[in-house]
Amino acid sequence: MDTRATAAAGIVAWAACVLLAAAPAAAGEFVINPLRVTLDRATRASEIVVRNDDQAPLRMQVQAMGWTQNAEGADQYEPADNLLYFPRTMELKPGESRIVRVGVRAAPVAREDAYRLFIEELPPATAGDDAGQGATLRVFLRVGVAVFVAPAQPERKGEIGQLERAGRRVDWSFANTGNVHIRADQVELAGIARDGTRLFTHAFPERYFLAGATRTMRFEIEPEHCGRLGAIEAAVVADRLDVKRKLDVDPGSCK
């Protein structure tokens, strides 16, 4: 599915640049398809289409970064040499599309390699390109396309390790114990009453769990639920993976 960069969930975007005066924000509109690429020993190259849906020309740059997650599950990026991609920069006329080719020299043996291919909008070539627009706050978007290179024998598995409650605070963690990434459709913590009624369900925004990484999450139980709470249940659901863990709760200890 085509995904509009100015609105899509799951993109990495931050504001940069050119503050002329306090005014409404403006950003170029472009479409990137797909936002996720999987390579392996049989498929070592793929294509990403970038289309300019704006009424003005767009300048873009492309940069590959190695993608890992630290002990807390936070994303970490560093320059990557193993991912091949072209072009590194491009200019698109209104309505024009360009292809970014991406590939690898070799696939990993034991564990999946993960990358982000950042496609970033650049300022116009000259200040004159903005002439006539008046005072605006220009926002430039940076979109991270996920690129995964699968190992010879992919294995998808995970487990909920920590699930602890201290007063109204719940800490829990999910560990990807396989050798490929997990893209979760559902990451939730639910509160269950002693009679089996579901009191609350909290959805977490975490979606990607890289191979070998553990992510820790925290939730504060609302006071009105404590008196009826009998258990809490953590769940991570993804393609071919459904992991749940339940912890019984003494209602009197939830304060």
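Is D239 buried, exposed or partly exposed? Select D239 and take a look: the residue is partly exposed, with a relative accessible area of 44%. Keep in mind as you go that this is a predicted model.

**Stop 1: D239 and its partner**

With D239 still selected, add R240. Their side chains meet in a salt bridge, at 2.8 Å from N to O. R240 counts as exposed, at 64% relative accessibility, whereas D239 is partly exposed at 44%.

**Stop 2: D242 and K244**

Now move along the chain to D242 and show K244 as well. These two form a salt bridge, and the closest N and O atoms are 2.8 Å apart. D242 counts as exposed because its relative accessibility is 52%, and the cut-off for exposed is over 50%. K244, with a relative accessible area of 45%, is partly exposed.

**Stop 3: a link between two strands**

Next, select R198 and E233. Here the side chains meet in a salt bridge of 3.9 Å, N to O. R198 lies in strand β17 (residues 198-203) and E233 in strand β20 (residues 229-238), so this pair ties together parts that are 35 residues apart in sequence. Try colouring the two residues by accessibility. R198 counts as partly exposed at 46% relative accessibility. E233, in contrast, counts as buried, because its 18% falls under the 20% cut-off.

The salt bridges visited so far belong to a longer list: a search of the whole structure finds eleven salt bridges.

**Stop 4: a sheet of three strands**

Time to switch to a cartoon view. Select residues 158-166, which make up β14, then 169-176 for β15, and finally 214-220 for β19. Together they form an open sheet with the order β14-β15-β19 and antiparallel pairing. The edge strands are β14 and β19, each of which pairs on one side only. Turn the view to compare directions: neighbouring strands of this sheet are turned by 15° against each other on average, direction ignored.

What holds such strands side by side? Strands of a sheet pair through backbone hydrogen bonds, either parallel or antiparallel.

Zoom in on β15 and β19, which pair in the antiparallel sense over seven bridges. To see one bridge up close, pick S173 and look across to β19, where its bridge partner is T216.

**Stop 5: a network of three**

For the last selection, show the side chains of R169, D171 and R218. How are they linked? The three residues are joined in a network of salt bridges.

Technical notes. Residues are numbered from 1 along each chain as its sequence is written. This is a predicted model: local features need pLDDT of at least 70, side-chain atom pairs count only at pLDDT 80 or more; totals for chains, interfaces and linings use all residues. Side-chain values use heavy atoms; hydrogens and water are left out. Two strands pair if DSSP finds at least two bridges between them. Helices (H or I, at least four residues) and strands (E, at least two) are DSSP runs, numbered from the N terminus. Axes are lines fitted to C-alpha atoms, for helices over the stretch in contact, and angles run from 0 to 180 degrees between N-to-C directions. A salt bridge is a side-chain nitrogen of Lys or Arg within 4 Å of a carboxyl oxygen of Asp or Glu. Buried means under 20% relative accessible area, exposed over 50%, partly exposed in between (1.4 Å probe, protein chains only).
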